[in-house]
Amino acid sequence: MQKGQIFKIHSDFYYVDSQGEIFECKLREVIKKQKQKVYVGDYVEFKNGAIERILPRKNFITRPTVANIDQVIIISAVKEPDLNFVQLNRYIAFAKYHQLPTVLCFNKNDLSDNDKTIEKVFSIYEPLGFDILFTSALEGYGLEEFKNILQNKTSVLCGSSGVGKSSLINAVTGFNLKTKDVSEKTGKGTHTTRHCEIVNLNNTCRIVDTPGFSNLKFDFLLPNEVDKLFPEIYPHKEFCKYPNCLHINETDCAVKAHIGEIDETRYESYIAFVEEAKDYKEKVKYQGVKSETSHKKTHDKLAVKISSRKRQSARNTMKQNVYKDMENEKFD
């Protein structure tokens, strides 16, 4: 049995890197039946082109779906498209939720003639402890610092379309990943990367190129959990009058008492995420979120479970057979 890491998934094919050799693999039917999630970055055991087992992960994120990573590098554009602080905070909060180290990279620095944007970035995020760097893939500015951050790590590059993720990868690797200009009509980026893929810079430095995305929503946690994703808000929570305070309209709210210490765009982002989380609360309230697992673990082995529908069907068949036997006994 060979071991390797999935570096790309395309259609039903899983491309596995095993000691520098690439194998095109398919999933064993038993893994499909168990409905196990398989991510780029997963370590696997495979044999004769068939993946037999997904090895335990140290971590993962779901949007984009990547496993076993060391850090998230959030790429934003200083201009074209204009810097969107709410979207940036969305990515930051998502990485915080998954407890992953995060670096903030602001690309296209050559297009900016306004130092106020740079000053605002440092004033907001440097006190929060983030590593911050400015780059220009076009002019080569900040690329050495960018390379240093990548060293000895597997890094996920995420950000909206058009901010220059692929251009940065091309600049530091010499690769020729497809890039595309920002749409003149919408002022937004257009998708060029179509799937997640691990790109090896060398034996110890790897990056994950991901599709741009803008539909990330906090519809998977409760409203009173959102403040945990904001380190400048959460410490005040214990001093609020109400334990489930959302820090918006409540009285005697310690967060609102310190609102002058919180950046406006950060608080605006917090409120937006709370509103999204309310949708999840309604779902839990009226529908529930419990779902039946597709497999069970017995003696350290995974086994496919029979679904509740099929179990009920089997019970009905068993009952029918019992009734038939009873009817036959009457006429014997």
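**Entry 1: overall counts**

I counted secondary structure elements to begin with: the protein has 8 helices and 15 strands. I note that the model is a predicted one. I then looked up burial, and 43% of the 332 residues are buried. For the accessible surface of the protein I have about 19,500 Å², with 47% of that belonging to carbon and sulfur atoms. I also looked at contacts in the protein with a separation of 6 or more; residues 24 or more positions apart account for 62% of them.

**Entry 2: helices H2 and H3**

I turned to the packing of helix H2, residues 85–97, on helix H3, residues 115–125. Two packed helices are described by the angle between their axes and the distance between the axes, so I looked up both values. The angle is about 35° and the axes are 13 Å apart. I recorded the crossing of H2 and H3 as right-handed.

Which residues meet in this contact? From H2 I listed Phe85, Leu88, Asn89 and Ile92, and from H3 Lys120, Val121, Ile124 and Tyr125. Sorted by class, the contact of H2 with H3 has 6 nonpolar residues, 1 polar and 1 charged.

**Entry 3: positive phi outside glycine**

I looked for residues other than glycine with a positive phi and noted Lys35, where phi is near 55°. Lys35 sits in the loop that runs between helix H1 (29–33) and strand E4 (43–47). Is Lys35 buried or exposed? Its relative accessibility is 64%, so Lys35 counts as exposed.

I noted Asn68 as well, also a residue other than glycine, with a positive phi near 60°. Asn68 is placed in the loop between strand E7 (65–67) and strand E8 (71–77). The relative accessibility of Asn68 is 6%, so this residue counts as buried.

**Entry 4: aromatic pairs**

A pair of aromatic rings is described by the distance of the centres and the angle of the planes, so I read both for each pair. My count came to 13 aromatic pairs. In one of them, the rings of Phe23 and Phe46 have centres 5.1 Å apart and planes at 55°, so I filed the pair as tilted. Phe23 belongs to strand E3 (residues 21–27) and Phe46 to strand E4; the two are 23 residues apart, and the pair links distant parts of the chain. I found both Phe23 and Phe46 buried.

Next I took Phe230 and Tyr270, an edge-to-face pair with 5.6 Å from centre to centre and 85° between the planes. Where do the two residues lie? Phe230 is in the loop between strand E13 (206–209) and helix H6 (254–257), while Tyr270 is in helix H7 (residues 264–286), so the pair ties together parts 40 residues apart in sequence. Phe230 is buried at a relative accessible area of 0%. For Tyr270 I also read 0%, and this residue is buried.

I then checked the wider grouping: Phe230 and Tyr270 belong to one aromatic cluster with Phe94, Tyr97, Phe218, Phe220, Tyr267 and Phe273.

**Entry 5: His236**

I closed with His236, which lies in the loop between E13 and H6. At 16% relative accessibility, His236 falls under the 20% cut-off, so I entered His236 as buried. What is His236 in contact with, leaving aside its neighbours within four places in sequence? I listed Ala254, Val255, His258 and Glu261.

Key: Residues are numbered from 1 along each chain as its sequence is written. This is a predicted model: local features need pLDDT of at least 70, side-chain atom pairs count only at pLDDT 80 or more; totals for chains, interfaces and linings use all residues. Side-chain values use heavy atoms; hydrogens and water are left out. Axes are lines fitted to C-alpha atoms, for helices over the stretch in contact, and angles run from 0 to 180 degrees between N-to-C directions. Helices (H or I, at least four residues) and strands (E, at least two) are DSSP runs, numbered from the N terminus. A crossing is left-handed if the near helix is turned anticlockwise from the far one by less than a right angle, and right-handed if clockwise. Contact means heavy atoms within 4.5 Å. Ala, Val, Leu, Ile, Met, Phe, Trp, Tyr, Cys and Pro count as nonpolar, Asp, Glu, Lys and Arg as charged, and the others, Gly among them, as polar. Buried means under 20% relative accessible area, exposed over 50%, partly exposed in between (1.4 Å probe, protein chains only). Accessible areas come from the Shrake-Rupley method with a 1.4 Å probe; for residues, only the protein chains shown count as cover. Rings of Phe, Tyr and Trp (its six-membered ring) pair if their centres lie within 6.5 Å; planes under 30 degrees apart count as stacked, over 60 as edge-to-face and the rest as tilted.
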